[in-house]
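Open the structure in your viewer and keep the selection tool at hand. The stops below say what to select next and what is there.

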Amino acid sequence: MKRTIELLKKNDELRVIDQELDIYLEIPHLAYAEVKKKDGGKALLFTNVVDKKSGKKFSEPVAMNLFGSYKRCELLFGRTIESVADEITKLLHLKPPVGFLNKLSMASELFSLKNIFPKKLSKSGACQEVKYLDENVDLYRLPVLTTWEQDGGPFITMGQVYTQSLDGEMVNLGMYRLQVYDKNHLGMHWQIHKDSSHFFDQYQKAGKKMPVSVAIGGDPLYTWCATAPLPYGVNELLMYGLIKKQPAKLVKSLTTPLYIPQDVDYVIEGWVDTSEMRIEGPFGDHTGYYTLREPYPVMEVSAITMKKNPTFLATVVGKPPLEDKYMGWATGKIFFPLLKTTAPDLLDYHMPENAGFHNLILAKMQPYYKGHAKQFMHAFWGAGQMSFVKHAIFLDENAPKLENYETLSAYILDRFTPKSLFVTEGILDALDHSSAESLVGGKLGIDVTSAQKQEAPELLGDEELLLRVKEAIPEAVNLHQFMRRTKNPITVISVNKIKNLKNCFEALVKLSPHIRIVVFVDDAKNDIFNPYMLIWRVTNNIDATRDLFVSGLMVGVDGTKKNALDGFTREWPDDVDCTQSVVDSLKSKGLWDLEDKLYKKYQL
């Protein structure tokens with residue numbers, strides 16, 4: 001971490017904040033604002049960190065937003081992201097060499113792969129210079145942040161979680177949020193599809209406790225590797241060796257059998273009692289909503305070790321854009337070659353950050369025959385973590401660049417008809433709150449790989465259309481039409497909801513000569529002129545099996561908060577919002593410098 005901080009300083013990518021700030025809300029709020037700036041702002045180093053509740057002053061600094069720009073990602077990788085993807089592509093396409101020179105070339109390439117395998121050291125590591133064992137274990141020694149007012153407590157947000165299978169043959173490095181319950185207990189928020197959860201099942205069936213070691217800091221690439229979507233049983237630290245061209249050097253934990261990188265800043269070791277679950281959360285997560293209180297495994301901490309002068313690494317999640325935008329960009333580029341092995345007709349894909357990644361994916365494919373796109377959807381939703389994608393739009397090879405949203409949207413809307421829709425059900429991310437039941441819900445695929453012939457509607461102005469809409473549904477408050485020059489303009493209507501929105505849609509069918517796609521949102525907390533946050537809201541809030549309506553050429557989408565009017569019985573979480581008094585305090589200290597227009601745009 002010290003080398004990383006110097007690297008960021010050298011490249012003018014670090015903002016050092018020496019004023020005293022609290023681990024409760026103040027530090028994470030400032031980091032949340034920083035990443036909203038153009039190009040992700042700066043990495044932040046907080047050098048005067050306190051816990052005002054306990055009166056504790058921490059000796060170590062807190063680092064945040066390290067990955068929060070394209071430039072910083074490549075600085076931390078030490079090479080271009082494209083070069084890593086090219087290397088993986090080359091490895092996947094290795095063929096038996098023909099001729100002596102080709103054999104020499106392949107031998108050289110294969111010999112270089114010896115560096116990808118982690119190396120176990122017999123000595124102790126720098127991460128074990130300071131040791132706390134038994135009754136001296138105290139998680140409150142660490143400056144763990146509480147990010148949001150409704151959070152269930154402090155959470156470690158950049159922990160590298162090391163686990164192994166029951167027989168010790170497989171090891172895993174993952175990243176999960178970790179709630180600090182007290183001085184020696186941590187919540188383990190690993191979801192059912194994660195390798196650690198599979199290992200947990202093995203220990204639970206055997207009636208044994210499960211060892212876990214959590215590392216924080218060190219080379220930031222360890223942290224990125226913890227997020228890498230590698231196949232089950234593949235050690236994520238292999239990616240470190242592949243990228244760095246040198247092996248990760250590991251040392252054994254003091255009280256568990258697990259090995260961790262010798263140069264991380266902190267290690268929290270312990271054992272998970274597989275017979276015990278504890279309520280975890282709520283937590284303001286990257287969906288921009290609080291995830292609900294649910295039972296998860298808990299680790300009893302047996303040791304905490306650290307460097308003599310550590311740096312605590314953290315991130316902040318909430319409404320987009322965030323640091324995970326840039327980490328996700330690197331992941332998408334690097335793992336595209338692997339995705340193509342299970343979806344070979346895929347040409348390109350992109351996950352807009354304002355849709356929370358899994359809520360919407362744009363995929364460009366090569367269609368070869370009628371119905372190919374719908375066949376491809378099944379393959380796509382069966383490919384690793386792509387199985388958690390809720391909504392996907394599939395385009396042909398002639399589509400514009402997927403990151404060119406304005407041009408791409410016009411391309412999609414000019415080719416769309418209700419026949420383009422494909423609705424199914426499947427597994428969902430545990431963070432999804434919109435489905436009728438946890439973990440399973442509706443999925444929507446849209447096939448615009450071929451053009452459909454249809455006429456554009458007879459457009460009315462917003463004011464005239466609003467008058468007619470209010471006559472049909474008095475609960476309508478305002479509306480705005482987007483993409484009016486396409487064959488399928490989008491009409492966003494804000495409502496004060498008093499009945500199921502399917503009834504509202506049916507009442508508007510008589511206006512179908514003037515409307516093609518209508519999207520309903522709650523009037524409260526929505527700006528109908530802000531497409532960035534509307535996409536965030538709607539993709540979060542819909543379940544395609546319940547919230548999609550079709551009548552002729554007209555399609556309706558219910559992006560409102562669900563309640564008893566919709567037969568919805570689960571708890572609906574609150575938005576993640578900044579605490580205004582904290583923002584005002586940071587402004588008074590001269591630290592909050594986010595422009596008001598960005599504060600409003602991103603609905604902080």
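Begin with the second largest pocket, which holds about 310 Å³ of space. Select Met1, Arg3, Thr4, Asp219 and Pro220: of the 16 residues in the lining, these are the closest to the centre of the pocket. This is a predicted model, so read every position on the tour as computed.

Now colour helix H1 (2–10), helix H3 (70–77) and helix H8 (237–244), each of which supplies at least two residues of the lining of this pocket. Helix H1 gives the largest share, with 4 residues. Colour the lining by class, and 6 nonpolar, 4 polar and 6 charged residues appear.

**Enclosed spaces**

Next, turn to the cavities. How many cavities of 30 Å³ or more does a search of the whole structure find? The search finds 4. The largest cavity has about 120 Å³ of space. To find it, select Thr287, His358, Asn359, Asp429 and Asp432, the closest to its centre among the 13 residues of the lining. By class, that lining is made up of 4 nonpolar, 6 polar and 3 charged residues.

Keep Asp432 selected and add Thr291, Leu292, Ala430 and Leu431; these five lie nearest the centre of the second largest cavity, which is lined by 13 residues. About 100 Å³ of space lies in this second largest cavity. Its lining has 6 nonpolar, 3 polar and 4 charged residues.

**Nonpolar cores**

Select Phe46, Trp224, Met239, Ile268 and Trp592. These residues have the most contacts inside the largest nonpolar core, a set of 116 residues. Centre the view on Phe46 and show what surrounds this residue. Leaving aside neighbours within four places in sequence, Phe46 is in contact with Ile17, Leu21, Ile27, Leu30, Pro61, Val62 and Met64. Apart from the largest core lies another, of 29 residues; Leu408, Ile517, Ile528 and Val557 are among them.

**A hairpin**

Move to strand E30 (residues 548–551) and strand E31 (residues 554–558), which pair in the antiparallel sense over 4 bridges. Which residue of E31 is the bridge partner of Val550? Select Val555, which is that partner. The two strands, E30 and E31, form a hairpin with 2 residues between them. In the turn, click on Gly552, where phi is positive, at about 60 degrees.

**Two buried residues and their contacts**

Select Pro352, in the loop between strand E22 (346–350) and strand E23 (361–365). Is Pro352 buried or exposed? Its relative accessibility is 4%, so Pro352 counts as buried. Outside the neighbours within four places in sequence, Pro352 is in contact with Phe357, Leu360, Leu362 and Tyr405. Add Glu403 and draw a distance between the C-alpha atoms: Pro352 and Glu403 are 51 residues apart along the chain, and these atoms are separated by 8.0 Å.

Then go to Ala472, in helix H12 (residues 462–472). Ala472 counts as buried because its relative accessibility is 17%, and the cut-off for buried is under 20%. With neighbours within four places in sequence left aside, Ala472 is in contact with Ala507, Leu508 and Lys510. For a distance across the model, add Lys9: the C-alpha atoms of Ala472 and Lys9 are separated by 60 Å, with the two positions 463 residues apart along the chain.

**Backbone details**

Select Gly281 and Pro282, which are joined by a cis peptide bond with omega of about -5 degrees. Pro282 sits in the loop between strand E17 (266–280) and strand E18 (283–284). Another cis peptide bond joins Pro320 and Pro321, where omega is about -5 degrees. Look for Pro321 in the loop between strand E21 (312–314) and helix H9 (323–342).

Next comes Leu25, in the loop between strand E2 (21–22) and helix H2 (26–34). Leu25 has a positive phi, near 75 degrees, although this residue is not glycine. With a relative accessible area of 3%, Leu25 is buried.

Finish at Gln603, in the segment after helix H17 (596–601). Phi of Gln603 is positive, near 50 degrees, in a residue other than glycine. Gln603 is buried, with a relative accessible area of 14%.

Definitions and conventions
Residues are numbered from 1 along each chain as its sequence is written. This is a predicted model: local features need pLDDT of at least 70, side-chain atom pairs count only at pLDDT 80 or more; totals for chains, interfaces and linings use all residues. Side-chain values use heavy atoms; hydrogens and water are left out. A nonpolar core is a set of buried Ala, Val, Leu, Ile, Met, Phe, Trp, Tyr and Cys residues joined through side-chain atoms within 4.5 Å. Buried means under 20% relative accessible area, exposed over 50%, partly exposed in between (1.4 Å probe, protein chains only). Contact means heavy atoms within 4.5 Å. Two strands pair if DSSP finds at least two bridges between them. On a 1 Å grid over the protein atoms alone, a cavity is a set of points where a 1.4 Å probe fits but cannot get out, and a pocket is an open set with protein on both sides within 12 Å along at least five of seven lines; lining residues have an atom within 4 Å of a point. Grid points are joined across faces, edges and corners, and a volume is the space filled by probe spheres set on the points. Ala, Val, Leu, Ile, Met, Phe, Trp, Tyr, Cys and Pro count as nonpolar, Asp, Glu, Lys and Arg as charged, and the others, Gly among them, as polar.
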